[in-house]
Amino acid sequence: MIVFQNVSKFYNHNTIALDNVDFKIAPNEFVSIVGRSGAGKSTIIKLLIGEEKPTKGRIFFDGIEVTKLKPKALSSLRRRIGIVFQEFRLLPEKTAYENVAFALEASGRPQSEIEEFVPQLFEMIGIKDKMDNFPRELSGGEKQRVAIARALINRPDVVIADEPTGNLDPINTYEIIKLLVKINELGTTLILATHNKEIINSLGKRVLSLDEGRLIRDEEEGRYTLS
Amino acid sequence: MITLIFRIIKYAFLGFIRNFWLSSATLAIMILALIAIQGLLIFGTITKTAVTSLQDKIDISVYFKTTTTEEDILKVKQALESLGEIKTVEYVSREDALLQFKATHKEDPTISQALEELGENPLSASLNIKAKNPKEYPAIAAYLNNESLVPFIDKVSYSQNQLVIERLTKIIDTVKGGGLILTFILVAIAVLVAFSTIRLAIYSNREAIGIMRLVGASNNLIRGPYIAEGIMFGIVAGLISVLIFLPLASFVAPYIKVFIPEMDLSSYLLMNFWSHLGIQLGIGIFLGVISGLIAIRRYLKI
C-alpha cells in the first residue's frame, strides 16, 4: 500500500533528514515510527502527503507515485489520508463542527451528508456537546479528538498520527491511543509517529526505528529500544 | 458547483463577521482610499472647470479709429476669423459701445451729462477676440500690429494685458500638469495602502491556508472565500465611501461656487450619481479582488 524506495531528503545540501530509507506498509497495518526528535519521523510524513519532495528515491501510495503528482491530484490524495498532528492544527476561525465538516466540503460532498455524518462522528469520539465551540474554547484532549474526527470523516485508507499525544497528559494520551487502535481495528491503516516509550511498549505492534535519518530497525511486535 | 459557490459565500460571510476587528480595519482603509480617489476625481473636474472659466475671461480687444468705416472693420473681422487659432470674434459697433457705456454708468449723472454736452459719440468700435488656446495671443497681437492695419487701428489691448495673460497661461498650464501628477501620486498611495492591508489580513490566515491544503481542500475552496470577501469589501466600502462623500461634497459646494461660479458641485454629483457610484464600486471590487488574488497566490503553492 505504502512504499518508500531508497528515499533520501537533504536540506541545504548538507543537512541529512532522511538517508536511503526503504520500507513497505501493508493495508490495515498499525505501524509506529519511533526515534528521537530530528530522527526523520516528521520528514517521512511530509514526504508521504507530498508536502515536501524527496531529494532521491520514489514514494508510492496505492500504486500512485506521490512525487509525480500535480497539485490537483495531490489534493485528492490527501483526502484519502487522514492526518492528526501534535499541535492539532485546527482552523482557529471555525467551530469544532465546521472543522470536521470542512474536510467533507473539501471533497465536495453534499450538505445533507455532512449534516448526517458529522454529528454521528462527534458522538463516537464523545464530545458531541462541544460541537459548536471554537478550538480556543476546547482542552488539549478535546482538540485532539476533533482533529481525529476530521481525519476520519472522509473514511480515509490511512490515518497518520504525528506525535498525537505530545501535548497531552497521561490520561488523555491513553484515551487517544485507545481511539487510534479502535480506528485501526475497524479497517484503517495507521501510522503513528512518537517518541513515547510506554505507548510503543504497550501496543505490541510493528515498529520502525529511525536514527539520524537512517532506518536502523524494523520489527514486528517491536519495543522501544533506543537509548 | 453550486454547493461550492454556496460554501464559498458562507465562509466569506463568516470570515467577515468572525474577524470583525480586522475586517473593520481593512474596510476603513479601503473607504479612506476610495474617498481620496473620489476627492481627486472631483478635484480634477473642478480644476478643469476653473481652467475653462479662466480661459473664457481672457481676450484681446482691438479699438479702431473713429474714422474707420464699418466695412473696413468687418474686413478685418473676416480676416481674423479665417485664422485657425481664433475661437470667436465679436464686433462691437460705436453705437453698441455707447449703449453699453451708458448702461454701465447710468447711476453716475456727471458722466451722462458730460456725454450729452459732448454731442457726439466719442467711443471707438472694437473687435473682441478670443483664441482657442491662450498661448496664441502673442501671435494674434503681432498680426494686428501688421503695417497694413496700422492706419485703422487706434490701440490693441494686448500690450496692456500682456502680463496678466501670460501669467494666466502659466497658471493654467501648471494646474493642468500639477493636478495630473498629484492625482496619480495620491491614487497610487491610496491603492498601495489598501492593498497591503488586505494582504496583511490574508497573511494572518496563512496557517489556516496551510491546514486547509493538508485536509485536501481544492485551491478554489481555499481561494474562493477570500475573493468573495474581497468583493464584499469592495461593495461595502464603495457604498459607504459614496455615502460619506456626497454630503461632504454638497457641504463644500457653496464655497467652491464662490471661487468658480460655473462649478455647481452638488448638481454635478447628482447628475453623475450612478456613474460615480459605479466607478467607486468598480475600483473597490478591483482593489479587493486583485490584492486578495496576489496575496493568496503565495500561500497556495504546493
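Here is a short chat about a predicted model with chains A and B.

Reader: How do you know that helix 11 of chain B has the span a helix should have?

Author: Set the expected value beside the one in the model. Helix 11 covers residues 273-300 of chain B, so at 1.5 Å a residue its 28 residues should span 40 Å. Its end C-alpha atoms lie 40 Å apart, which agrees.

Reader: What makes Leu287(B) count as buried?

Author: The cut-off is 20 or more other C-beta atoms within 10 Å of its own. Leu287(B) is listed as buried, along with others in helix 11 including His276(B), Gly284(B) and Ala295(B). Across chain B, buried residues make up 27% of the 302 residues.

Reader: Why is Leu48(A) said to be in contact with Phe61(A)?

Author: Two residues are in contact if their C-beta atoms lie within 7 Å, so that pair has to meet this cut-off. Leaving aside neighbours within four places in sequence, Leu48(A) also touches Ile2(A), Ile59(A) and Val66(A).

Reader: What makes a set of residues a nonpolar core?

Author: Its members are buried nonpolar residues, joined through C-beta atoms within 7 Å. The largest one here has 72 residues, and Leu48(A) is among those with the most contacts inside it. Helix 3 of chain A gives the most to this core, with eight residues. Apart from it lies another core of 26 residues, Ala295(B) being one of them.

Reader: Which residues make up the contact between the chains, by number?

Author: Chain B puts in 14 residues and chain A 20. On the chain B side, seven are nonpolar, five polar and two charged.

Key
Residues are numbered from 1 along each chain as its sequence is written. Chains are lettered from A and ligands numbered from 1 in the order in which they are written. This is a predicted model: local features need pLDDT of at least 70, side-chain atom pairs count only at pLDDT 80 or more; totals for chains, interfaces and linings use all residues. Helices (H or I, at least four residues) and strands (E, at least two) are DSSP runs, numbered from the N terminus. The expected span of a helix is 1.5 Å times one less than its number of residues. A residue is buried if 20 or more other C-beta atoms lie within 10 Å of its own, exposed if 12 or fewer, and partly exposed in between; C-beta atoms are placed from the backbone. Ala, Val, Leu, Ile, Met, Phe, Trp, Tyr, Cys and Pro count as nonpolar, Asp, Glu, Lys and Arg as charged, and the others, Gly among them, as polar.
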